[in-house]
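I opened the structure to look up its domains, its ligand site, some helix packing and a few unusual backbone places. The entries below follow the order in which I went through them.

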Amino acid sequence: MNSVIPIRAEFGKGCTDVKPLMERGQREVFCGLTGIIWLHRKIQDAFFLVVGSRTCAHLIQSAAGVMIFAEPRFGTAIIDERDLAGLADANVELDRVVNQLLARRPEIKLLFLVGSCPSEVIKLDLSRAASRLSAQHSPAVRVLNYSGSGIETTFTQGEDACLASMVPDMPSSSDKAEQELLIVGTLADVVEDQFVRILNHMGIERVRFFPPRRAQDQVSIGSNTRLLLAQPFLGETARVMQARGASLLSAPFPLGIEGTTAWLQSAASSFGVAQDRFQAALTAPVARATASLARAKLHLEGKSIFFFPDSQLEIPLARFLSRELGMKLLEVGTPYLHRQHMAVELAMLPEGTFLSEGQDVEKQLDRCRALHPDMVVCGLGLANPLESEGMTTKWAIELVFTPIQGFDQAGDLAELFTRPLLRRMRLAA
Ligand code: SF4
């Protein structure tokens with residue numbers, strides 16, 4: 001129970017013992033509702049109903065860039081002034097909206113009630129609402145709930161809360177079931193397919209992904225489950241899965257050649273794959289990735305970079321940019337540092353890297369201006385002001401929306417950093 005299977009210790013100490021600068025001031029980060037943007041594309045028979053205000057609806061609609069002809073798989077049940085003043089029964093309203101929605105959209109098999117700041121303010125108990133509605137609509141539709149509110153979550157924590165809410169519903173696997181690899185965290189379908197091909201090539205046949213592409217494809221969990229995290233922001237999901245008997249494989253995250261190799265190595269070691277078989281499965285994709293990174297390195301080597309905290313992807317990205325592309329890390333900010341899940345990443349970061357956890361945005365902006373980085377990775381709210389001061393920025397949100405994991409995406413990942421630099425050079429010419 002709760003076991004962690006270690007990867008071979010081959011990366012030295014790096015930043016393992018580093019104490020980050022802890023900041024608890026004003027922060028500039030999206031709330032957890034943002035996760036709906038990629039989650040609704042992934043789980044194709046799910047619907048995300050935000051129980052929130054018009055502000056929440058605007059955030060989701062503008063961030064997701066809703067297509068006019070598409071029937072979106074998310075929406076907002078608006079809490080208005082009457083609800084906030086306690087004049088209306090919000091539960092009655094919510095039941096009415098859900099009944100209407102499910103009558104009109106029979107393809108929905110999983111409905112998430114997503115909490116927001118307003119639903120928290122009026123203390124609307126969405127977990128009771130989800131149980132009540134689930135009882136009413138099962139077995140055709142399961143209703144779950146989680147919070148994406150800005151009071152409780154930041155940006156990618158919304159995905160963690162969503163996936164964690166699905167775990168109690170996962171069927172239990174038998175103690176005698178064959179070992180199975182469960183890759184946890186939303187990945188683009190094309191990336192999943194690439195990983196399956198590589199893992200099958202090395203002889204690991206039982207590979208599942210969570211979340212599944214369809215809510216009805218329920219994945220079972222138990223002591224036969226080996227968890228490999230594909231995203232670094234899934235602390236709660238991993239915890240509840242371990243409580244169901246699954247074992248967590250210790251690994252870095254599959255960004256760049258080194259990260260992807262070590263991530264796959266962790267799975268290979270755990271399933272007893274012979275080293276020559278492992279190498280054979282990796283030879284071709286590693287060669288392709290090496291060629292694509294060589295081009296990007298010409299532009300990025302020696303350039304300095306500063307990360308504001310945003311998605312929790314900052315440490316793996318910094319490790320990739322410094323070790324594989326020769327960038328200099330000035331500050332690596334992360335909203336939250338999960339030492340256990342980041343253990344291998346920290347060991348791979350160059351010794352002496354300045355790490356910060358949390359945010360006090362004005363102080364961090366002062367540090368950034370004083371260091372004059374060649375590139376700044378930050379949220380949308382900071383990017384425009386910094387660009388107007390002459391800095392080159394990269395929107396952190398793009399790194400979450402774009403398929404960047406795995407060998408065949410390593411070049412695309414590097415290009416996300418070369419593009420703003422080249423654009424700035426062209427403007428200056
Ligand atoms: S959940 Fe809170 S922070 Fe997020 S959009 Fe709604 S009101 Fe704003």
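These are my notes on what I looked up, topic by topic.

**Status of the model.** I kept in mind throughout that this is a predicted model.

**Domains.** I began with the division of the protein, and I found domain 1 written in two segments, 14-27 and 289-428, with domain 2 at 32-153 and domain 3 at 180-278. I then looked up the pair formed by domain 1 and domain 3, whose centres, taken over C-alpha atoms, are separated by 25 Å. Their contact takes 28 residues from domain 1 and 24 residues from domain 3. On the side of domain 1 that touches domain 3, I noted that helix H11 (275-300), helix H12 (314-325), helix H13 (343-348) and helix H17 (410-428) each supply at least two residues. Which of these helices gives the most to that side? I found that H12 does, with 6 residues. By class, this side of domain 1 has 15 nonpolar, 8 polar and 5 charged residues.

**Ligand shell.** I next listed the residues around the ligand, which are Cys 31, Leu 33, Gly 52, Ser 53, Thr 55, Cys 56, Leu 59, Ser 116, Cys 117, Ser 149 and Gly 150. I asked which element gives the largest share of this shell, and I found helix H2 (residues 54-64), with 3 residues. When I sorted the shell by class, I obtained 5 nonpolar and 6 polar residues, with no charged residue in it.

**H11 against H17.** I then turned to helix packing, and I started with H11 and H17, whose axes come within 9 Å and cross at roughly 20 degrees. Since angles under 35 degrees count as roughly parallel, that makes H11 roughly parallel to H17. I recorded the crossing of these two helices as left-handed. From H11 the contact is made by Ala 289, Ser 292, Leu 293, Ala 296, His 299 and Leu 300, while H17 brings Ala 410, Gly 411, Ala 414, Glu 415, Phe 417, Thr 418, Leu 421 and Leu 422. The classes in this contact are 9 nonpolar, 4 polar and 1 charged.

**H7 against H9.** For helix H7 (residues 157-166) and helix H9 (residues 235-243), I read that the axes come within 7 Å and cross at roughly 20 degrees. H7 and H9 are therefore roughly parallel to each other, and H7 passes H9 in a left-handed crossing. I noted Asp 160, Ala 161, Leu 163 and Ala 164 in H7, which meet Gly 235, Glu 236, Thr 237 and Val 240 in H9. This contact divides into 4 nonpolar, 2 polar and 2 charged residues.

**H4 against H6.** Helix H4 (residues 90-104) and helix H6 (residues 126-137) pack at an angle of about 40 degrees, with their axes 11 Å apart. That makes H4 oblique to H6, and I recorded their crossing as right-handed. The residues I found meeting here are Asn 91, Leu 94, Asp 95, Val 98 and Leu 102 in H4 and Ala 129, Leu 133 and His 137 in H6. The contact of H4 with H6 divides into 5 nonpolar, 2 polar and 1 charged.

**Backbone.** I closed with the backbone, where as a rule most residues other than glycine have a negative phi, and most peptide bonds are trans. Where does the model have a cis peptide bond? I found one from Ser 138 to Pro 139, with omega near 5 degrees, and Pro 139 is in the loop between H6 and strand E6 (142-147). I also noted a cis peptide bond that joins Phe 210 and Pro 211, with omega about 10 degrees; Pro 211 lies in the loop between strand E8 (207-210) and strand E9 (225-229). Lys 123 went into the notebook for its positive phi of about 55 degrees, although it is not a glycine, and I placed Lys 123 in the loop between helix H5 (117-121) and H6.

Definitions and conventions: Residues numbered from 1 in each chain as written. Predicted model: local features only at pLDDT ≥ 70, side-chain atom pairs only at ≥ 80, totals over all residues. Near = placed C-beta within 6 Å. Helix = DSSP H or I, 4+ residues; strand = E, 2+ residues; numbered from the N terminus. Nonpolar A, V, L, I, M, F, W, Y, C, P; charged D, E, K, R; others polar. Axes fitted to C-alpha atoms, helices over the stretch in contact; angles between N-to-C directions. Parallel < 35°, antiparallel > 145°, perpendicular 65-115°, else oblique. Left-handed = near helix turned anticlockwise from the far one by under 90°. Contact = placed C-beta atoms within 7 Å. Domains from an automatic or database assignment.
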